[in-house]
Amino acid sequence: MAAAAAAARRAAGLLPLLSSPSGARIPLRRALSMIPPPRSYRFLSHAAMPFSTSSASASNGAAVERTRELHLYNTKSRKKEHFRPRAPEGEVGMYVCGVTPYDDSHIGHARAYVAFDVLYRYLRYLGYEVRYVRNFTDIDDKIIARANQLGEDPFCLSKRFSDDFLSDMANLQCLPPSVEPRVSDHIDHIITMIKQILDNSCAYVVGGDVYFSVDSFPEYGELSGRKLDDNRAGERVAVDERKRNPADFALWKAAKDGEPWWDSPWGPGRPGWHIECSAMSAHYLGHSFDIHGGGEDLIFPHHENEIAQSRAACCDSSINYWIHNGFVNVNSQKMSKSLGNFITIRKVIEMYHPLALRIFLLGTHYRSPINYTIEQLNVASDRLYYTYQVCAIYLFDRASSYSGRALCTLHDCEEICQQQQSNSGDSLPANTSSCILKLHDEFETSMSDDLHTSVALAAISEPLKIMNDLLHTRKGKKQEKRLESLSALAEKIRVVLSVLGLLPSSCHEALQQLREKALRRASITEEHVRLKIEERTAARKAKQYEKSDEIRKELAAVGIALMDGPDGTTWRPSLPISEEEEINGVSEEPDYLRTLVVYSLDSYISYELMR
């Protein structure tokens, strides 16, 4: 029964972990239901403050103790607030503004949707059921302009880029939302809402266009903090002199030659940008729901206008939490096509594993601006490799069917541990239990404090180090209940990685993919590396240490680190040596008197080399 329950938890990877006071030793089954450290990495920032625990009711109707109260920053109140869903016994409603698919998705899109994917995952981890809606604005001025430029049907173009976007999100391991509505499928809902706004005297018709009157909504500007006199028309439309107020915005646009259109009470036309999200969120979540999110650039005018028109259509419309992610800069400059630093997701993952981009994005708090550089992406990729390398455990288990030197995934490690439990009891060493409890506390404290993913990432540093010691050091290999400790630590790291969206289907496959990307960045093949290793080995045997040093440095300069051991020389991706020296101040010893130190952020892995 216990094994089945653990398997169910692992399959979901999202259930809450409950802690309790412990003694010198904790039964394995209890330790496996708990979670732990901080050691901030040099590229991770924005620490979280701890706070007290409490309990809440699960959204599925069953009483579930929550070990942390979730606090989220509300843009509207300009402060962090305790998250209290509108329906404690029901679903959490979350709407995130989606893309306008007229071009390839860029790293700004990745930043936004990775951030809200983590929120989605963490809400589910805490026991909430979540209805997550993310739309496609599949008809828009930009789509029409791009389609005309390419001589393509606007809907074919938007469908093509929508499919590419979904592929990008899958590569980044963003979970599919509950619903992904398209504007073109909800024209009737949009027209109905515009009618309601007109009936409530909050809009007016001019020559087939329908405009919202901002003067009819005294609260206009509360979200953005702007005064009405300071507001300007939305960036997507030119000022129309027919407007009663320059800040008035279009709800419906009269048809123009060569543009898609639909029939309406005001004549043929198409929706304005802002009304689309109000209509679709109301259709799928109701006029009042819990969370509305998007990028910081949407606060004004898009979300400000959404509030105004939604309230004009239904006076009871209300969103509890407005959540926005920060901007992405490239080499300390604002990303834009005009500056030539517009970087697509696809361009990044040509050279880097998609999860390297994801861990880079999670290394900065979602509300803070993030600066994209190749150097920082290399650091993130290096950190990812180290994490998966420790998790893809080589175990020699003489007492089980895993005889010989076998590469084990986290799941395999758990199976080995279960075989060992029957012969060795079910308790863990005190240091393992302490580490697990610490990880649990650090992880939930940081994530519940407005999703401090950087600290959650740092929390797995100590467990990874302990696992590495258990695998590679003499002292670790002799530790009591070594396999059980490895499995328990691996399971807890697995849960953290799952909530952060960083858990691969196979650590072995992920490592191979990371190696392939490193070779591509270095513009060399694995065969070339093999030949260099053979050439260096021959030079060392001939005591031509200067030549062997040159070969090692040549590969290190392009991000290929050589590692010598009893079984020969292997290689792994690493920071290009110039970047590593700049970031860490590391300089290597020459071949004839050295122990190679492979540096991975704040953790050193030392390999004693054969001379």
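This passage walks through the cysteines, two enclosed or open spaces, a small sheet and two buried residues of a predicted model.

The model is predicted, so local features are taken only at pLDDT of at least 70 and side-chain atom pairs only at pLDDT 80 or more, while totals for chains, interfaces and linings use all residues. Residues are numbered from 1 along each chain as its sequence is written, and side-chain values use heavy atoms, with hydrogens and water left out.

Start with the cysteines. A disulfide is a covalent bond between the sulfur atoms of two cysteines. Here it is called when a pair of cysteine sulfur atoms lies within 2.5 Å, and by that rule the count is 0. Cysteine 277 is in no disulfide, its nearest cysteine sulfur being that of cysteine 97, 3.8 Å away. Cysteine 277 is also buried, at a relative accessible area of 2% (buried means under 20%, exposed over 50%, partly exposed in between, with a 1.4 Å probe and protein chains only). For cysteine 507, the closest cysteine sulfur belongs to cysteine 391 and sits 5.0 Å off, too far for a bond. Cysteine 507 is buried as well, with 4% relative accessibility.

Cysteines 97 and 277 turn up again around histidine 302, which touches Cys97, Trp273, His274 and Cys277, leaving aside residues up to four places away in sequence (contact means heavy atoms within 4.5 Å). Histidine 302 is found in helix H8 and is buried, at 1% relative accessible area. Helices (H or I, at least four residues) and strands (E, at least two) are DSSP runs, numbered from the N terminus.

H8 (299-313) also helps to line the second largest pocket, as do H3, helix H7 (273-285), strand S12 (288-295) and strand S14 (328-330), each giving two or more residues. The pocket has a volume of about 1200 Å³. On a 1 Å grid over the protein atoms alone, a pocket is an open set of points with protein on both sides within 12 Å along at least five of seven lines, a cavity is a set where a 1.4 Å probe fits but cannot get out, and lining residues have an atom within 4 Å of a point. Grid points are joined across faces, edges and corners, and a volume is the space filled by probe spheres set on the points. Of the 38 lining residues, His106, His109, Lys142, Asp297 and Leu298 lie nearest the pocket's centre. H3 gives the largest share, 5 residues. By class, the lining splits into 14 nonpolar, 14 polar and 10 charged residues (nonpolar: Ala, Val, Leu, Ile, Met, Phe, Trp, Tyr, Cys and Pro; charged: Asp, Glu, Lys and Arg; polar: the others, Gly among them).

H3 (107-125) shows up in the second largest cavity too, where H3 and helix H10 (354-362) each supply at least two lining residues. The largest share is again from H3, with 4 residues. This cavity holds about 80 Å³ of space, and its lining has 7 nonpolar, 2 polar and 1 charged residues. Among the lining residues are Arg111, Val114, Leu361 and Tyr366.

S14, met above at the pocket, belongs to an open sheet of 3 strands in the order S15-S14-S16, with mixed pairing. Strand S15 (333-334) and strand S16 (370-372) are at the edges with a single partner each, so one side of each has no neighbour in the sheet. S14 and S15 pair in the antiparallel sense over 2 bridges (strands pair if DSSP finds at least two bridges between them), and asparagine 329 stands opposite lysine 334 in S15.

Lastly, arginine 515 is placed in helix H18 (residues 507-522). Arginine 515 counts as buried at 15% relative accessibility, and its contacts beyond four places in sequence are Tyr385, Glu526, Trp571, Arg572 and Pro573.
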